[in-house]
Amino acid sequence: MQESQEFYGLLGFEEVMNHGWIVTLASPSNLAAQISLMSSEQDCTGHSRHEYGDG
């Protein structure tokens, strides 16, 4: 996920939310331009996917 954040940073996106398992980046010049990056290691509850045998 770090590499993706760095890539979008080069395009001018800035981090506006970070919950560890999901990060949202937004353009400071166009608030409608946003992207969220989610880690594949945790689900939306923050639990490791390995706890459920999904990975």
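**Exercise 1. Find out how many bridges join strand S1 to S2 and which way the two run.**

Solution. Strand S1 (residues 14-18) is joined to S2 by 4 bridges, and the two run antiparallel. Here a strand is a DSSP run of E with at least two residues, a helix is a run of H or I with at least four, and both are numbered from the N terminus. Two strands count as paired if DSSP finds at least two bridges between them. Next, look for one bridge by name: Asn18 has Val23 in S2 as its bridge partner. Finally, look at the turn: S1 and S2 form a hairpin with 3 residues between them. Gly20 in that turn has a positive phi of about 85°.

A word on the model before going on: this is a predicted model, in which local features need pLDDT of at least 70 and side-chain atom pairs count only at pLDDT 80 or more, while totals for chains, interfaces and linings use all residues. Residues are numbered from 1 along each chain as its sequence is written, and side-chain values use heavy atoms, with hydrogens and water left out.

**Exercise 2. Place the strands within the whole protein.**

Solution. Start by counting: the protein has 1 helix and 3 strands. Read from the N terminus, the order is α-β-β-β. Then turn to the other pairing of S2: 5 bridges join S2 to strand S3 (residues 34-38), and these two also run antiparallel. To round off the overview, 20% of the 55 residues are buried, where buried means under 20% relative accessible area, exposed over 50% and partly exposed in between (1.4 Å probe, protein chains only).

**Exercise 3. Decide whether strand S2 is enclosed or open, and say why.**

Solution. Count the buried residues in S2 (residues 22-26): they are 5 of 5, so the strand is largely enclosed by the rest of the structure. Now sort the side chains by direction. In a regular strand, side chains alternate between the two faces of the sheet. In S2, Ile22, Thr24 and Ala26 point one way, while Val23 and Leu25 point the other way.

**Exercise 4. Describe the surroundings of Thr24.**

Solution. First find its place: Thr24 is in strand S2. Next check its cover: Thr24 has 8% relative accessibility, so it counts as buried. Across the sheet, Thr24 stands opposite Ser36 in S3. Last, list its contacts, meaning heavy atoms within 4.5 Å. Leaving out residues up to four places away in sequence, Thr24 touches Glu14, Glu15, Val16, Met17, Gln34, Ile35 and Ser36.

**Exercise 5. Work out what Met1 meets.**

Solution. Met1 lies in the segment before helix H1 (2-10). With 35% relative accessibility, Met1 counts as partly exposed. Beyond neighbours within four places in sequence, Met1 is in contact with Gly20, Trp21, Val23, Leu37, Met38 and Ser39. Take Val23 as a check: its C-alpha atom is 8.8 Å from that of Met1, though the two are 22 residues apart along the chain.

**Exercise 6. Classify the aromatic pairs.**

Solution. Recall the rule: rings of Phe, Tyr and Trp (its six-membered ring) pair if their centres lie within 6.5 Å; planes under 30 degrees apart are stacked, over 60 edge-to-face and the rest tilted. This gives 2 aromatic pairs. In Phe7 and Tyr8, the ring centres are 5.1 Å apart with planes at 75°, so the pair is edge-to-face. For Tyr8 and Phe13, the centres are 5.9 Å apart and the planes at 75°, so this pair is edge-to-face. Together, ring pairs link Phe7, Tyr8 and Phe13 into a cluster.
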